[in-house]
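Colleague: Please take a close look at one part of this model, the loops and their backbone. Give me enough of the whole to place them.

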Amino acid sequence: MENNKNEKPHVLVIPFPQSGHMLPHLDLTHQLLFRGAVVTVVVTPNNSTYVDPLRRLHSPENLRTLILPFPSHPLIPSGVESLQQLPLQALPHMLEALSGLRDPLSDWLRRQPPSDLPAAIVGSSFLSPWINKLADEFSLKSICFLPINAHSVATMWAQEDRGFFDDLESATTASYGLVVNSFYELETQYVETVKAKFMTHHRVWTVGPLLPVNSGVDRGGRSSVPSEKVTAWLDSSGENSVVYVGFGSQIRLTKQQTAALAAALERSGVRFIWAVRDAAKKISGDSQDADAGEDVIPAGFEERVAGKGLVIRGWAPQSMILNHRAVGSYLTHLGWGSVLEGLVGGVVLLAWPMQADHFYNTKLLVDELRAAVRAGENRESVPDPEELARVLVESVKEDLPERLEFMKLREKGLNAIKEGGSSYNNLDDLVRETTL
Ligand code: AWU
C-alpha cells in the first residue's frame, strides 16, 4: 500500500477491554501499521501490556500508546479494567465506566498540533455511542470494529428491544463504516445484508481471519503453565490426536458442567488439554452463585488421566496450542476469535455455545455449513458424559466429514488474507479511507 511520504494516515484506535475484543482489535492495528499508518492506541494502565507484542514490531514513532486512567465506577471493583475479570452481567457497568474516557480524549485531541491530529478513529462498536460524538467534535471519521462475523451482526441487529445493545447498534450504523473479523467468501450473503439493510452503504470491511500478532505463548496474558511444558507435552503427542478444551476468556463452567466434562474426558480416553478459567471477581449485589473457577476439577481426576491429559488453570497459550500439529479438535464455546484461531490452526470445532453470538456461530458452522460438530447446548446445559465421550473420540478421526468441510473454509480464509485476497484488499481500502 503506497502512501505519500508525508501523508501517513494517523488513526486513533480505541479497543474494548476484553480479550475476545482487544486481541483481534490489536491484530487489526498491526495490519494498519503494516500498511504505513501511524496509530495511537488508547488503553487504561492494566491493559497496556496487551500492546507489548505490537511494540516489539513497530517503532514508537508509528505506534503510540495513550494510557488514560480507568474511569472509576461504583459497581466495578478498583483495579479491574477488563470485562473478563467480571461476570458478563457487568457489561453495562463497564460500558458506562468507559464512556468516562470521552472527556480526557477530547482534552488530548484539543492539545494535538493540527498536523498530528488523527484523521479517523477505529473504535470498538461497543463504545461507538460516545466515540461517534468525539469524532464529530473534531470532524474525524468514526469507524467501528466488531470481533464477530457479519452473520451474527445481521442476526442480532434484526432483533427488537436488545436493551443497551440498541444504542451500540444504532451508533454503529450511523458511523462511517464497520470492520468485522471475518472473510467475504465465508458469508457473502450476510455481508451484503449488513451493507444493504443496516449500514445502508458499502463501507463494511471483512478483514479476517486476523492473524495473531503474537501467536506465541503469552498472547493475551502469561500462560499459567510454563509454555515449554505445554509444547513438550504436545510434541510427545501424535498428529491430530489431542482435543483442546477451552471456553474463551469470559466463560466459567458450573460445578456440574465441570464434573460432566471431566467424566467425558476420562471415559473417552482421548489425549486432551483443558483450559479452566479462574473465578471471576464479584460485583456488588451479584447474586450469582460461585462460578466453577479453579480447583473444582473432581478430586483424583488429574491423577487418573495423568499422561493423557493436561489441565491448565488460569490462562492457556491458546493460539500456540491450536496451531500445534498434535491438536486435532477443539471443544469450544464458539467465541468468534477462538473459531478463527481454530480455523487457522486446522482443527475440528466441537460446538458448545454459551452466550451472545455463539448460538449464531453454531447455526452458521454446524447447521448451514456442516463444518463443525455440535457437542453441547447452552450456558445451563450439562452434557451426558457418555454422549460427549463419543463426540470426543469421533473428533480426532481423520475422515470426519466436518473436518473436510472446515478445511475447505480454512483454504478460503487463508486465501482472503493473502496479497490480492478479499480481506487483504479491504485492509488496503480501509487505510486509504482513513486518509481521504
Ligand atoms: P474469544 O473469541 O474466545 O472470545 P471470548 O473470550 O469468549 O469473549 C467475543 O469474545 C464473542 O463474540 C463474545 O461472545 C465473547 C467474547 N485466550 C487465551 O489465549 N487463553 C485463554 O486461556 C483464554 C482465551 C484468548 C483466545 C482468543 C481470546 C478469546 C468475540 O465470547 O486465544 O484469542 O482469548 O477470544
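Modeller: This is a predicted model, with a mean pLDDT of 93 for the protein and a score of at least 70 for 95% of the residues. Two stretches fall under 50: residues 1-6, which have eight contacts beyond four places in sequence, and residues 287-295, which have 25 such contacts. Where pLDDT is low, the coordinates should not be read in detail.

The setting for the loops is a protein with 17 helices and 13 strands. Its radius of gyration is 21 Å, which agrees with the value near 22 Å for a compact globule of 436 residues. Along the principal axes, the C-alpha atoms fill a box of roughly 65 × 50 × 45 Å. Buried residues make up 60% of the 436. Of the contacts with a separation of 6 or more, 74% are between residues 24 or more positions apart.

Now the loops. Ala119 sits in the one between helix H4 (102-111) and strand S4 (120-124). Ala119 counts as partly exposed because its relative accessibility is 30%, between the limits of 20% and 50%. Beyond its neighbours within four places in sequence, Ala119 has contacts with His10, Leu140, Lys141 and Thr434. Ser182, 63 residues from Ala119 in sequence, is 25 Å from Ala119 in space, C-alpha to C-alpha.

The backbone in three other loops deserves a note. Most residues other than glycine have a negative phi, and most peptide bonds are trans. The bond that joins Gly208 and Pro209 is cis, with omega about 0 degrees. Pro209 belongs to the loop between strand S7 (204-206) and helix H9 (227-235).

Asn240 is found in the loop that runs between H9 and strand S8 (242-246). Although Asn240 is not a glycine, its phi is positive, at about 55 degrees. With a relative accessible area of 13%, Asn240 is under the 20% limit and therefore buried.

Arg370 also has a positive phi, near 50 degrees, in a residue other than glycine. The loop that holds Arg370 lies between helix H14 (358-368) and strand S13 (373-374). Arg370 is exposed, because its relative accessible area of 56% is over the 50% limit.

As for the surface, the protein exposes about 17,300 Å², of which carbon and sulfur atoms supply 52%. There are 41 positive and 52 negative side chains, and the centres of these two sets lie 3 Å apart.

Conventions:
Residues are numbered from 1 along each chain as its sequence is written. This is a predicted model: local features need pLDDT of at least 70, side-chain atom pairs count only at pLDDT 80 or more; totals for chains, interfaces and linings use all residues. Side-chain values use heavy atoms; hydrogens and water are left out. Helices (H or I, at least four residues) and strands (E, at least two) are DSSP runs, numbered from the N terminus. The radius of gyration is taken over C-alpha atoms; the globule rule is 2.2 Å times the number of residues to the power 0.38. Buried means under 20% relative accessible area, exposed over 50%, partly exposed in between (1.4 Å probe, protein chains only). Contact means heavy atoms within 4.5 Å. Accessible areas come from the Shrake-Rupley method with a 1.4 Å probe; for residues, only the protein chains shown count as cover. Lys and Arg count as positive and Asp and Glu as negative; His and the chain ends are not counted. The place of a charge is taken as NZ of Lys, CZ of Arg, CG of Asp or CD of Glu. pLDDT is the predictor's confidence in each residue, from 0 to 100.
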